[in-house]
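Colleague: Could you pick one spot in this one and give me a proper close look, then follow the chain outwards from there? I'd like to hear the reasoning as well as the numbers.

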Amino acid sequence: MNAYPAIEDHGLIGDLQTAALVTNDGVIDWFCAPRFDSPSIFAALLDRSKGGYFQVVPDGISYVSKQLYLPGTPILITRFLSADGVGELVDFMPIAGDHATDVHRLVRMVRVVRGQMRFRIECHPRFKYGRDAHEVEITPDGIAFRSPGFTVNVNPARRGEQLFRPEDIQRSDDGLRLIGTLSAGNVGGLVLETQPAGPPRAVSADEIVEMFQQTRDFWRGWIGRSRYKGRWREMVERAAMTLKLMTYAPTGALVAAPTAGLPEQIGGERNWDYRYTWVRDASFSVYALLGLGFTAEAQAFLNWLNDRVQHASEHSSPLQIMYRIDGSPDLDEEILDHLEGYQQSSPVRIGNAAASQFQLDIYGEALDSLHLADAHGLQLSHGAWQHVSHVIEWLCEHWDQPDDGIWETRGGRQDFTYGRVMSWVAFDRAIQLAQHRARPADLGRWTNMRDMVYRQVIQRAFHPKREAFVQHYDTEVLDASLLYMPLVGFLAPTDPMWHTTLRAMEEELVADSLLYRYDPMASPDGLRGSEGTFTMCSFWYVDALARAGRLDDARLTFEKMLTYSNHLGLYAEEIAPTGEQIGNFPQAFSHLALISAAMNLDYQLDHGAGGVVEPVLRHGMATSSA
């Protein structure tokens with residue numbers, strides 16, 4: 001690889017246990033196995049010379065490439081158009097199932113639809129983030145790459161009696177290069193298999209086609225269960241499939257993103273590993289999943305969440321803000337100083353030290369998701385309610401203290417307003433859960449705590465000079481997370497205090513349809529450099545506009561946000577001032593917020609501004625009693 005592709009010039013494929021990124025020129029430059037959070041096999045995205053890649057590309061001709069998803073699926077089609085022919089590279093991963101496995105298949109099906117085309121295939125794995133050496137073995141039926149702890153087989157599709165000619169193989173730099181020619185109607189390709197049971201084996205074109213059909217049918221069957229029929233169906237369904245791709249099926253845990261180290265500022269140090277499950281992000285997924293009708297997926301995550309709540313209850317400890325996808329709390333941060341980083345954006349970090357931060361808001365998000373699930377018949381067991389009660393009792397003792405905030409800054413703890421607001425949500429939803437199901441609870445204490453939080457936020461977080469709620473009690477800085485205040489029912493969207501807050505945000509944080517989280521120059525966060533606008537906040541802004549009765553503004557802002565997706569409908573975490581996508585990609589939070597904004601805006605447009613949004617559509621919004 002000679003240059004770094006743009007972050008947005010990628011598609012995502014996966015098998016519900018891990019995933020890979022594919023450039024619009026047919027290069028797999030990010031793939032970890034056997035899990036999302038495992039060491040990489042291909043990581044040229046973070047170091048073009050040391051990371052490793054897997055490329056399929058036309059050889060010796062000028063061409064133009066185009067890319068799309070097969071409708072109703074995350075099967076990625078990269079088309080190569082030339083004067084002499086049109087070829088297609090079809091990338092997908094057969095579903096791995098609900099039981100954790102080390103065996104994963106990555107299929108690269110190649111076909112020609114017009115004329116003839118010669119393809120060049122280069123495979124250069126670099127195991128364990130490029131730190132482990134490996135051996136290459138070429139057999140009559142394929143190629144094996146073996147490192148001390150991991151093996152990958154590359155199995156080409158057999159053509160007639162001969163797999164490939166010896167003169168077509170070039171071995172270089174612990175990788176290899178293959179050349180093959182296909183004519184119109186021909187199907188070829190390769191199947192990469194991790195931790196195979198035996199030596200490489202040839203696969204037939206028919207076998208590849210069968211895997212393709214099974215994968216296609218699975219995804220079309222899954223997305224066919226969506227009950228969203230609104231104005232933005234194509235984008236909502238693409239977002240839903242993207243979230244499904246980022247869910248680890250054996251536990252139901254959703255990763256924040258399948259990547260690590262992609263910068264929030266090119267050349268800067270804001271480079272984090274997002275291949276883990278945040279209580280906050282995954283709790284938000286319950287709203288989107290239930291709103292779309294995916295009850296089983298919501299239940300799977302709630303089971304994961306209940307296990308984390310149980311652990312916190314039994315140890316009288318706070319919830320950790322993030323965990324590994326199997327629930328492990330071990331996320332020690334490490335710098336990979338042998339990798340240069342995307343476009344020289346260093347350091348490259350794996351693990352995430354923010355796991356040890358204290359963030360109050362996660363209790364509100366967790367309880368809100370449990371409350372919504374309960375309203376849809378996904379009730380807590382007696383044991384689960386006991387653990388929830390213990391966590392709420394813990395929160396009674398600890399809500400009134402500084403925390404690290406939603407944005408995981410490294411500038412020290414403050415009395416962050418968002419953390420307090422979401423503590424209010426935790427108490428409020430716990431009270432409603434107890435009352436609705438007549439569960440035992442210290443309702444007097446919980447109600448007193450809820451009201452204390454409310455009064456404190458109103459008295460201390462509203463800055464009289466700015467006429468706005470501010471980031472924390474000792475600052476004048478605004479914070480886009482406070483767009484969430486009317487969405488959870490803390491304030492009515494018609495409240496004058498909210499209208500002046502929204503106006504202040506528009507004057508300072510809004511750039512057209514885009515929103516900055518906060519001004520790091522005014523509120524130092526312990527890191528150098530700046531960042532782009534935050535896509536999730538932009539979709540929250542859509543909802544805030546709609547609830548404030550500004551439906552035309554809300555719809556135009558939403559439509560503008562759709563133009564910032566990449567060519568496949570995917571979003572990274574942030575958008576740079578130039579309009580490019582930056583940060584880890586694709587980002588779960590961005591797609592969750594898109595789904596919720598679409599559902600809620602549809603409802604407002606159909607029922608009029610200020611209509612009461614049904615619980616199935618809400619995104620952490622006011623409950624019917626709020």
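Modeller: Let's start at Ser316, which has a relative accessible area of 61% and so counts as exposed, the cut-off being over 50%. Keep in mind that this is a predicted model. Ser316 sits in the loop between α5 and β21 (322-323). Its backbone is worth a look too: phi is near 50°, a positive value in a residue that isn't glycine.

Gln343 is another non-glycine residue with a positive phi, about 50° here. You'll find Gln343 in the loop that links β22 (334-335) to β23 (349-350). With a relative accessible area of 32%, it falls between the 20% and 50% limits, so it's called partly exposed.

While we're on loops, check the peptide bonds. Ala33 and Pro34 are joined by a cis bond, with omega about 10°, and Pro34 belongs to the loop between β3 (27-32) and β4 (40-42). There's a cis bond between Phe585 and Pro586 as well, where omega is about -20°. Pro586 is in the loop between β30 (581-582) and α14, so hold on to that name, because α14 comes back below.

Back to α5, the helix before the Ser316 loop. It is among the elements that cover the buried residues of α7, along with α6 (361-375), α8 (417-437) and α9 (443-460). Those buried residues are Ala384, Trp385, His387, Val388, Ser389, Val391, Ile392, Trp394, Leu395 and Cys396. The spacing in that list is easier to read if you recall that an α-helix has 3.6 residues a turn, so residues three or four places apart point the same way. As for its length, α7 covers residues 382-398, and those 17 residues should span 24 Å at 1.5 Å a residue; the end C-alpha atoms are 25 Å apart, so the two agree.

One loop residue brings us to Thr417. Leu482, in the loop between β25 (468-469) and α10 (484-487), has 1% relative accessibility, so it counts as buried. Its C-alpha atom is 7.7 Å from that of Thr417, although the two are 65 residues apart along the chain. Setting aside neighbours within four places in sequence, Leu482 touches Thr417, Tyr418, Phe469, Val470, Gln471, Trp498 and Met505.

Now for the helix pair. Two packed helices are described by the angle between their axes and the distance between the axes. For α12 (residues 535-547) and α14 (residues 588-607), the angle is about 15° and the axes are 8 Å apart. An angle under 35 degrees makes α12 roughly parallel to α14, and their crossing is left-handed. On the α12 side the contact uses Thr535, Met536, Phe539, Trp540, Val542, Asp543, Ala546 and Arg547. They meet Phe589, Ser590, Ala593, Leu594, Ala597, Asn600, Leu601 and Gln604 of α14. Sorted by class, that contact comes to 10 nonpolar, 4 polar and 2 charged residues.

So is α12 mostly covered or mostly open? It's mostly covered: 13 of its 13 residues are buried. Its length checks out as well, because 13 residues at 1.5 Å each should span 18 Å and the end C-alpha atoms are 19 Å apart. After α12 comes Gly549, with a positive phi near 90°.

Definitions and conventions
Residues are numbered from 1 along each chain as its sequence is written. This is a predicted model: local features need pLDDT of at least 70, side-chain atom pairs count only at pLDDT 80 or more; totals for chains, interfaces and linings use all residues. Side-chain values use heavy atoms; hydrogens and water are left out. Axes are lines fitted to C-alpha atoms, for helices over the stretch in contact, and angles run from 0 to 180 degrees between N-to-C directions. Helices (H or I, at least four residues) and strands (E, at least two) are DSSP runs, numbered from the N terminus. Angles under 35 degrees count as roughly parallel, over 145 as roughly antiparallel, 65 to 115 as roughly perpendicular and the rest as oblique. A crossing is left-handed if the near helix is turned anticlockwise from the far one by less than a right angle, and right-handed if clockwise. Contact means heavy atoms within 4.5 Å. Ala, Val, Leu, Ile, Met, Phe, Trp, Tyr, Cys and Pro count as nonpolar, Asp, Glu, Lys and Arg as charged, and the others, Gly among them, as polar. The expected span of a helix is 1.5 Å times one less than its number of residues. Buried means under 20% relative accessible area, exposed over 50%, partly exposed in between (1.4 Å probe, protein chains only).
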